[in-house]
Amino acid sequence: VLCSFNWGYRSLFENWAASCHIHGIDCRRFTLIFPTDAKADSWARTLGFQTYYDARTFGALPEHANKVFGDQDFRRIIFSKIAMVQDMLEIGGDYIRQDADLVWFKDPRAELIRRVDDGRLDLLFMYDGPNAFHQPLHHNSGFVYLRGNAFSKFTWDQVFSNYGHVLVEGGEQRMINTIVACLRERGLR
């Protein structure tokens, strides 16, 4: 599980960790946190999580929660969330990318692996509901299972390479839906 958060969103991250603890899920064993600031890094380590933090790679990112969805601070942090997946897929392996604002009632990993294996899928997204903005697939990019295969890597490379759309649109979800919809026409599952 890959997750990124800044100091301003630590309570959302704590809530996820608490939901895992309450339901007997040892999330620290299989989660890698990519904090975007030193305070968040220190906090995640204090909570017992493994982290990777590099202040130089993305420059100074805000420690505070963004004031408005899609504002400039939000857009800057999105880049680190996209880049962490890009980097980990290059290393190899299958991953769950999740935002910090989730809760788990049970460990979803076995079910996600089963669904991906049964459907021979490359990517598996959480459904975003009938949100007309994210047609035609309605994928929610805040929770996605990525198979570490060539097509998933290629797909995420397209996401990473098109980060400029995040700067224009204020978020990555619409761009990801568009890329995935186009690549489905070429065999992405």
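Me: What volume does the second largest pocket have?
Reply: The second largest pocket has a volume of about 260 Å³, where a volume is the space filled by probe spheres set on the grid points, these points being joined across faces, edges and corners. The model is a predicted one, in which local features need pLDDT of at least 70 and side-chain atom pairs count only at pLDDT 80 or more, whereas totals for chains, interfaces and linings use all residues. Residues are numbered from 1 along each chain as its sequence is written, and side-chain values use heavy atoms, with hydrogens and water left out.

Me: Why is a space called a pocket, as opposed to a cavity?
Reply: Both are sets of points on a 1 Å grid over the protein atoms alone; in a cavity a 1.4 Å probe fits but cannot get out, while a pocket is an open set with protein on both sides within 12 Å along at least five of seven lines, and a lining residue is one with an atom within 4 Å of a point. The lining of the second largest pocket consists of 14 residues, with W104, K106, P108, L112 and F143 lying nearest its centre. Among the elements, α4 (109-119), β5 and β6 each supply at least two residues of that lining.

Me: What makes a residue of this lining nonpolar, polar or charged?
Reply: Ala, Val, Leu, Ile, Met, Phe, Trp, Tyr, Cys and Pro count as nonpolar, Asp, Glu, Lys and Arg as charged, and the others, Gly among them, as polar. On that division the lining of the second largest pocket holds 11 nonpolar residues, no polar ones and 3 charged ones.

Me: Why does Q98 count as buried?
Reply: Its relative accessibility is 1%, and buried means under 20% relative accessible area, exposed over 50% and partly exposed in between (1.4 Å probe, protein chains only), so Q98 is called buried. Q98 lies in strand β4, strands (E, at least two residues) and helices (H or I, at least four) being DSSP runs numbered from the N terminus. Residues up to four places away in sequence aside, Q98 touches V1, L2, C3, S4, W16, W104, G142 and F143, a contact being heavy atoms within 4.5 Å.

Me: Why are R120 and D94 given different labels for exposure?
Reply: R120 has 59% relative accessibility and therefore counts as exposed, whereas D94, with a relative accessible area of 37%, is partly exposed. R120 is found in the loop between α4 and β5 and has a positive phi of about 45° although it is not a glycine. D94 has its place in the loop between α3 and β4 (95-98) and, not counting residues up to four places away in sequence, touches Y145, L146, R147 and G148.

Me: Why is V116 called buried while D117 is not?
Reply: V116 has 0% relative accessibility and so counts as buried, while D117, with a relative accessible area of 40%, is partly exposed. V116 lies in helix α4, and D117 lies in helix α4 too. The C-alpha atoms of V116 and R147 are 8.0 Å apart, with their places 31 residues apart in sequence, and those of D117 and R147, 30 residues apart along the chain, are separated by 9.6 Å.

Me: What makes a set of residues a nonpolar core?
Reply: The set must consist of buried Ala, Val, Leu, Ile, Met, Phe, Trp, Tyr and Cys residues joined through side-chain atoms within 4.5 Å. The largest such core has 26 residues, and those with the most contacts inside it are L2, I82, V85, L146, W156, V159 and V180. To this core α3, β5, β6, α5 and α7 each supply at least two residues, and α3 gives the most, with 7 residues. A second, separate core of 23 residues includes F5, F49, V116 and F143.

Me: How do you know what end-to-end span helix α7 should have?
Reply: The expected span is 1.5 Å times one less than the number of residues, so the 12 residues of α7 (residues 173-184) should span 16 Å, and the end C-alpha atoms are 16 Å apart, which agrees. The buried residues of α7 are Q173, M175, I176, N177, I179, V180, A181 and L183, and what covers them includes α3 (72-91), β5 (123-127), β6 (139-146), α5 (150-161) and α6 (164-169).
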